[in-house]
Amino acid sequence: MRKKISNIPFKGTPEQAEKLKAVIEESKDDKSLLIHVMQEAQEIYGYLPREVQVMIADGMGVPLEKVYGISTFYAQFALSPKGENAISVCLGTACYVKGSQKILDKLESILGIEPGQCTEDGRFSLDACRCVGACGLAPVMTINDEVYGRLTPDDVEEILQKYE
């Protein structure tokens, strides 16, 4: 599944920029620390928007394409911020066979976003995953640490209302 680029304007603070500059300064002479710098940047910002990737590439003296390639290859990196309520729909075999794609479609329709994106108000982010380990409850979605199972598309709106 392709990672989506954020649909929310970047809002980094000067404090965050200073923290990242310090991390880059400590690591800039050792290109093997690029992933470490990216991990630290994600810790600082919560995700790796293009503006942060440019700061990393410039500071580490590596091509922006390399930073982008790493950020899209490894699942640990996010290109969009996570919402206040992080939703994940399981698309593993058991869930998929029992209709999880319809759950995901309903969420996309209600929230107006696709997997890998965050609503403009920052309240919800949407992702799809391969397994949450609750196959007996298929189809399953999680919102933050709460697991919702045996779902139908009709259940989605009522569940989301709990988080409004």
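These legends describe close-up views of a predicted model.

**View 1. The whole chain holds seven helices and five strands.**
Along the sequence, the elements come in the order α-α-α-α-β-α-α-β-β-β-β-α. The C-alpha atoms of the protein fill a box of roughly 55 × 30 × 25 Å along the principal axes. The protein has 164 residues, and 42% of them are buried. Contacts between residues at least 6 apart in sequence were sorted by separation: 64% of them join residues at least 24 apart.

**View 2. The five strands build an open sheet.**
The strand order is β2-β3-β1-β4-β5. The pairing is mixed. Strands β2 and β5 (146–148) stand at the edges. Each has a single partner strand, so one side of each lacks a neighbour in the sheet. Strands of a sheet pair through backbone hydrogen bonds, in either parallel or antiparallel fashion.

**View 3. Strand β1 pairs with β3 and with β4.**
Strand β1 spans residues 85–90. Five of its six residues are buried, and the strand is mostly covered. Six bridges join β1 to β3 (residues 124–129), and these two strands run parallel. In this pairing, S88 stands opposite D127 of β3. Three bridges join β1 to β4 (residues 141–143), and here the strands run antiparallel. V89 of β1 stands opposite M141 in β4. In a regular strand, side chains alternate between the two faces of the sheet.

**View 4. Helices α6 and α7 lie against the strands.**
Helix α6 covers residues 100–111. It lies across β1, β3 and β4. Its direction runs at about 150° to β1. Helix α7 covers residues 153–161 and packs on the sheet. The strands touched by α7 are β1, β3, β4 and β5. The direction of α7 makes about 10° with that of β4.

**View 5. Helices α2 and α3 pack against each other.**
Helix α2 takes in residues 34–45, and helix α3 takes in residues 50–60. Their axes are 11 Å apart and meet at an angle of about 145°. The crossing is right-handed. From α2, the contact residues are L34, V37, M38, A41 and Y45. From α3, they are V52, M55, I56 and M60. Which classes of residue make up this contact? Nine are nonpolar, with no polar and no charged residues in the contact of α2 with α3.

**View 6. K21 and E18 form a salt bridge within helix α1.**
The model has four salt bridges by count. In this one, the distance from N to O is 3.7 Å. Both residues lie in α1 (residues 14–27). They are three residues apart, about one turn of the helix. Are K21 and E18 buried or partly exposed? K21 has a relative accessible area of 48%, so it counts as partly exposed. E18 is partly exposed too, at 49% relative accessibility.

**View 7. A salt bridge joins K82 to D127.**
The side chains meet at 2.6 Å, N to O. K82 lies in the loop between α4 (64–73) and β1, while D127 lies in strand β3. The pair therefore ties together parts that are 45 residues apart in sequence. K82 is partly exposed, with a relative accessible area of 46%. D127 is also partly exposed, with a relative accessible area of 23%. Buried would mean under 20%, so D127 does not count as buried. D127 is also the residue opposite S88 in the pairing of β1 with β3.

**View 8. A salt bridge joins R123 to E84.**
The N to O distance is 3.5 Å. This pair links distant parts of the chain. R123 sits in the loop between β2 (117–118) and β3. E84 sits in the loop between α4 and β1. The two residues are 39 residues apart. What is the exposure of E84? E84 is exposed, with a relative accessible area of 54%.

Definitions and conventions. Residues numbered from 1 in each chain as written. Predicted model: local features only at pLDDT ≥ 70, side-chain atom pairs only at ≥ 80, totals over all residues. Heavy atoms only, no water. Buried < 20%, exposed > 50% of the residue type's maximum accessible area, 1.4 Å probe, protein only. Helix = DSSP H or I, 4+ residues; strand = E, 2+ residues; numbered from the N terminus. Pairing = 2+ DSSP bridges. Axes fitted to C-alpha atoms, helices over the stretch in contact; angles between N-to-C directions. Left-handed = near helix turned anticlockwise from the far one by under 90°. Contact = heavy atoms within 4.5 Å. Nonpolar A, V, L, I, M, F, W, Y, C, P; charged D, E, K, R; others polar.
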